[in-house]
Each structure stands twice: as C-alpha cells, then as structure tokens.
Amino acid sequence: MTFWSCLFYTLANIVAVFLHWLYQREKAQLEQNGASNDDKDHSNSISSSGTIRYFNDNNNAYKNKKRFFTTASSVASFLGVSSNKNNNFFAFEDHFFNFEDVAKACRRAGLETCGLIVGVDFSASNEWQGRKTFSGQNLHAVASKGKVMNPYQKVISIIGRTLESFDEDNLIPAFGFGDSVSKGRSVFSFKDRTAAEKAGSHGGGLGERLRLWGRRGRGAAGGGEGGEFGGHTPCKGFSEVLQQYEDIAQSITLGGPTDFAPIIHKAVEIVKKLKKYHILIVIADGQVVEQLSTAQAIVEASYFPLSIVMVGVGDGPWDTMEQFDDLLPERHFDNFQFVNFHAVVEKNRKQTEANFALHAMMEIPYQYKTIKALGYLD
C-alpha cells in the first residue's frame with residue numbers, strides 16, 4: 001500500500017469518526033432540549049381528509065437537522081468506516097466505491113438473498129414533471145436506439161446491477177400502475193401486458209388479448225391464481241424488466257390518479273405467499289394524490305418482511321415522500337426509504353450510479369436486521 005493510500009485511509013476514518021461524534025453530540029443536545037419528546041408528542045398522523053399533517057416549524061427544523069446527521073452517520077456505518085472493528089475498508093468518498101462495495105455492505109448485515117419486486121408509475125403527471133430534470137421531456141420518453149436513457153430506465157438499470165445477485169431464482173415481478181386503465185385501483189404485469197399486445201398485433205382477438213393480459217400465469221413462473229407471484233408472470237432478470245418497460249412506455253396511455261397502495265398490496269401478497277424477504281422498488285414522479293390509502297398501505301406492509309424503496313424521478317416537490325419516510329409512527333418498523341434520484345445525481349457527477357445505489361440501499365441492512373429480530377422470517 002502506497003504512502004498516499006495509507007494517508008487517505010487514515011483521513012477518511014478520522015472524518016467518519018468525527019461525523020459519528022458530531023451526530024451523537026447533536027442528538028444528545030436535541031434530547032436535552034426536549035426535541036425528541038416533542039417529536040413523539042407531535043408525531044404525524046393521518047387525517048380524515050386523506051392528507052398528512054405537517055409538523056410545526058420547530059419540529060420541521062429538528063427533523064431536517066436530524067436527517068442530516070443521521071444520513072452522515074449512516075453513510076459511514078453502511079460503508080464500514082465508522083469504526084475500526086473490521087479490517088475491510090470502504091472509502092467514505094463516493095468516487096472510491098462501486099456496486100460491489102454496496103452489495104458487500106448489505107452482505108455484512110447478513111443479507112445473502114432476497115426477492116425483488118419493481119413498480120413503475122405511469123400517471124399523467126410524468127408528462128410535465130421533466131421540465132427541469134429531463135429537458136422538458138416526458139419522463140417516459142424512450143429515445144430511438146437507446147441513445148439516451150430516461151430517468152426510469154436509468155434507475156432500473158442501476159438497481160438491477162446492484163441487487164440482481166441477491167435474487168437466486170432471477171425471477172422479478174414487475175408491475176405498472178397509474179395508467180389510463182389501471183388508474184389508482186390496480187396494477188398490471190409488465191410481461192403479461194406485452195404478451196397481450198403482441199397477441200393483438202398478430203391478429204389475436206379481444207378475448208385472447210384479455211386472457212393474456214389478465215392471465216393466471218401457468219407453471220413455476222406464474223403458478224396459477226394461487227401462484228407464487230399473485231397470478232402474474234415475472235420477468236427473467238433486470239435486463240428483461242428494462243426491455244419490457246421500454247416496450248410498454250412507447251405504447252401506454254398515461255392516466256391517474258397516483259396511488260402507491262395497489263403496488264404495495266401486490267408486493268405484500270407476493271411476500272405472504274413466498275414467506276421470504278423482499279425489496280419493493282417503486283419508481284415514480286412523486287405526485288401522490290391518494291395520500292391516505294398510500295400511508296395506510298405502508299403501515300400495513302410493516303407487518304411483513306418487506307422493505308420499500310421509493311425512488312423519486314422528475315422535478316418534485318418531494319414533501320409527501322419525505323413524510324412517508326419519516327412521519328408514520330404507526331408502523332411496526334421503519335420500512336420505507338425515499339431517494340430523490342436527481343438530487344443524488346447532482347451532488348456527485350463523478351460516480352453517479354454507485355452514489356445512487358448507496359443512497360437507495362442505505363437502510364436495507366438495518367431493515368433486514370429488524371425484520372429478523374421481529375421474527376417475520378421464522
């Protein structure tokens with residue numbers, strides 16, 4: 001190891017330890033001032049009108065400060081540099097780690113295998129949510145010959161390279177929601193949707209197309225109405241998820257309203273059948289209309305071995321997503337992680353993909369440990 005490498009490792013550890021100390025000091029100060037109790041007393045609750053009530057200004061300031069210090073400490077802990085307990089060093093600076101480092105961090109927490117589920121938002125707000133972040137284009141716009149990936153394609157690709165090794169059977173249920181047919185009531189299977197469209201293009205009648213679109217997948221992949229994946233055909237790996245998405249994005253009619261409840265309920269249904277830890281990746285523009293049903297679905301999902309990672313693409317605002325992340329005290333455990341894709345990319349342009357993977361997976365080790373402690377996997 002060169003002198004400069006040793007010097008960098010030493011400085012990185014000093015920075016990580018300092019951030020951890022700063023976080024502990026700030027936490028102690030906030031608790032001394034009664035902020036922690038105030039946080040509990042004024043915890044967010046779901047109102048009858050279907051919206052989530054905001055904290056007062058003092059609690060909002062506390063939450064923002066707590067978010068900063070918790071994130072700094074979590075990054076150091078996730079990468080294994082907050083202490084000298086292990087010999088494996090993962091550099092604190094983003095441009096010194098890669099996808100393998102993120103996967104290793106998850107494995108250090110005991111996560112060796114998990115199921116993956118993907119949900120994609122096809123609501124109409126995607127048409128104008130790319131004004132600032134996607135050159136004014138529809139967020140689902142697919143370039144010819146794949147020259148430029150849209151935000152959804154980028155997220156699917158990055159998440160795939162990060163997590164695909166954890167999925168042993170390589171079967172990934174992928175669903176869309178919020179289109180003109182599903183609206184806020186249901187989801188549709190990527191693979192069954194494209195199969196139905198191909199049947200139509202080859203002269204299949206309406207009855208045949210409906211049968212394929214809503215079919216109860218046969219065999220091991222679908223398993224019938226009571227099958228493993230809720231009667232839907234899963235994709236074979238993230239490469240097929242991406243391929244199916246590209247086909248659908250070019251033909252679908254966007255709709256709404258946006259409601260995450262159907263995709264969360266579908267994920268819970270799959271988890272209950274397989275009795276295995278799963279990570280649900282929801283990619284959406286964040287304009288949630290049905291806040292009440294979404295919040296209730298997140299709370300209900302906290303009683304199952306399921307982590308929800310919501311990736312926000314587009315211009316925002318993201319207040320509601322951050323509230324889902326922080327302010328649902330009814331949950332059995334903190335099962336929801338929100339990541340603002342464009343904000344993460346803007347912060348580090350040197351290694352944007354690995355940096356995003358880190359932020360998306362940061363809470364997974366903690367959630368997996370909590371799920372095991374709660375006995376959900378017994």
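Two helices count as roughly perpendicular when the angle between them falls in the range 65 to 115 degrees. Keep that range in hand for the first view of this predicted model.

**View 1. Helices H5 and H14 pack against each other at an angle of about 70°.** Here H5 covers residues 151-163 and H14 covers residues 352-361, and their axes lie 10 Å apart. The two helices are therefore roughly perpendicular to each other.

**View 2. A closer look at the residues where H5 meets H14.** From H5 come Val155, Ile158, Ile159, Arg161, Thr162 and Leu163. Across from them, H14 brings Glu353, Phe356, Ala357, Ala360 and Met361. Sorted by type, the residues of this contact are 8 nonpolar, 1 polar and 2 charged.

**View 3. An open sheet is built from 6 strands.** Follow the order E4-E3-E1-E6-E7-E8, and you will find that the pairing is mixed. The edges belong to E4 (188-189) and E8 (336-340); each has a single partner strand, so one side of each has no neighbour in the sheet. Strand E7 (residues 306-312) runs parallel to E8, and 5 bridges join the two. For a spot to zoom in on, try Val311, whose bridge partner in E8 is Val339.

**View 4. Helices H5 and H15 meet the strands.** H5 packs on the sheet, where it touches E1 (115-121), E6 (278-284) and E7. The direction of H5 makes about 165° with that of E6. H15 (residues 364-373) lies across E6, E7 and E8, and runs at about 160° to E7.

Note on methods. Residues are numbered from 1 along each chain as its sequence is written. This is a predicted model: local features need pLDDT of at least 70, side-chain atom pairs count only at pLDDT 80 or more; totals for chains, interfaces and linings use all residues. Side-chain values use heavy atoms; hydrogens and water are left out. Axes are lines fitted to C-alpha atoms, for helices over the stretch in contact, and angles run from 0 to 180 degrees between N-to-C directions. Helices (H or I, at least four residues) and strands (E, at least two) are DSSP runs, numbered from the N terminus. Angles under 35 degrees count as roughly parallel, over 145 as roughly antiparallel, 65 to 115 as roughly perpendicular and the rest as oblique. Contact means heavy atoms within 4.5 Å. Ala, Val, Leu, Ile, Met, Phe, Trp, Tyr, Cys and Pro count as nonpolar, Asp, Glu, Lys and Arg as charged, and the others, Gly among them, as polar. Two strands pair if DSSP finds at least two bridges between them.
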